[in-house]
Amino acid sequence: MLKGYIDEVFISVQGEGPLVGTPMLFIRFGGCQAACERCDTPRARTQMSQFPIHGPTAKVVANPVKVVDLTAHATPLLRGLPFLAITGGEPLEQPGFLSLLLTRLSETGKHVLLETRGYHHRELAEVIPRIDVVAVDVKLPSFSERRLPVNATKNFLTIAMQKTCYVKVVVGPDTGEREVMEAARLVADVGGHIPFIVQPRYDEKPPPPGEAERLLVLTTQLTTILPDVRLIPQVHRVLRLR
Ligand code: SF4
């Protein structure tokens, strides 16, 4: 009777990366030990005593939740949607719960997208058979206040490449070119054809003058390292969706 911590469940469109605009059911896992300085989902770092299911049949469910109960809540919401997105927090900090949840939800026949910071490669190896797409959110030093975990990320990408995968880095006005280039070289070292997404950091205030042009130059420079580099902002923020 495996239980786990969830932060929220909701339907939205994918706002980031190559799948942008695709409608999905998002199951956001609760808990993350990374403690990034600029965390954009700070509430999801903590495992709460309950979580909301948003939408027309909104309800609040107690944590930790049994896999069987979460499956019962999620299955009707998945009807008509092409994708299930597992996000966080860090879903791979609850690998047993995630594995069983994906096994149960595999009966719905939906594609599964896993969004992760790309650190726990052994845990990824446990669940990779049930994943279709892995979105690896590499946390740059300007975002996390920590050095890039080069070896851990390489180990992770080597497993993620068994399926479709892409890497995303969040870049703000204070992000240096060197750290972005280092992340791109890391991806190039792993080999294969992994799309590399430069995602402008969302701030309430508008970016400083010239920032979009700087990101365009940076994205162009990155194509000397990797064949598939794209500059994609967060679309759900533009649409003011969850
Ligand atoms: S990995 Fe994600 S959820 Fe965890 S602290 Fe960093 S930004 Fe927040």
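The buried residues of helix α6 are Val-180, Ala-183, Ala-184 and Val-187. This is a predicted model, so please take what I say as a description of that model. Those four residues span an arc of only 95° around the axis, so they sit on the same side of α6. An α-helix has 3.6 residues a turn, so residues three or four places apart point the same way.

What does the buried side of α6 pack against? Its partners are two helices and two strands: α5, residues 150-160, and α7, residues 211-222, then β10, residues 164-171, and β11, residues 196-200. On the face turned away from the buried side, α6 carries the exposed residues Arg-178 and Asp-189.

Now the helix as a whole. α6 runs from 177 to 190, which is 14 residues. From first C-alpha to last, α6 reaches 20 Å, close to the 20 Å expected at 1.5 Å a residue. After α6 comes Gly-191, with a positive phi near 85°.

The other item is a helix pair, α1 and α2. α1 covers residues 67-78 and α2 covers residues 95-105. Their axes are 10 Å apart, and the packing angle is about 45°. The two helices are therefore oblique to each other, and α1 passes α2 in a right-handed crossing.

Which residues meet there? From α1, they are Val-67, Leu-70, Thr-71 and Ala-74. On the α2 side, they are Phe-97, Leu-100, Leu-101, Arg-104 and Leu-105.

Note on methods: Residues numbered from 1 in each chain as written. Predicted model: local features only at pLDDT ≥ 70, side-chain atom pairs only at ≥ 80, totals over all residues. Expected span 1.5 Å × (residues − 1). Buried ≥ 20, exposed ≤ 12 C-beta atoms within 10 Å, placed from the backbone. Arc of directions from axis to C-beta. Contact = placed C-beta atoms within 7 Å. Axes fitted to C-alpha atoms, helices over the stretch in contact; angles between N-to-C directions. Parallel < 35°, antiparallel > 145°, perpendicular 65-115°, else oblique. Left-handed = near helix turned anticlockwise from the far one by under 90°.
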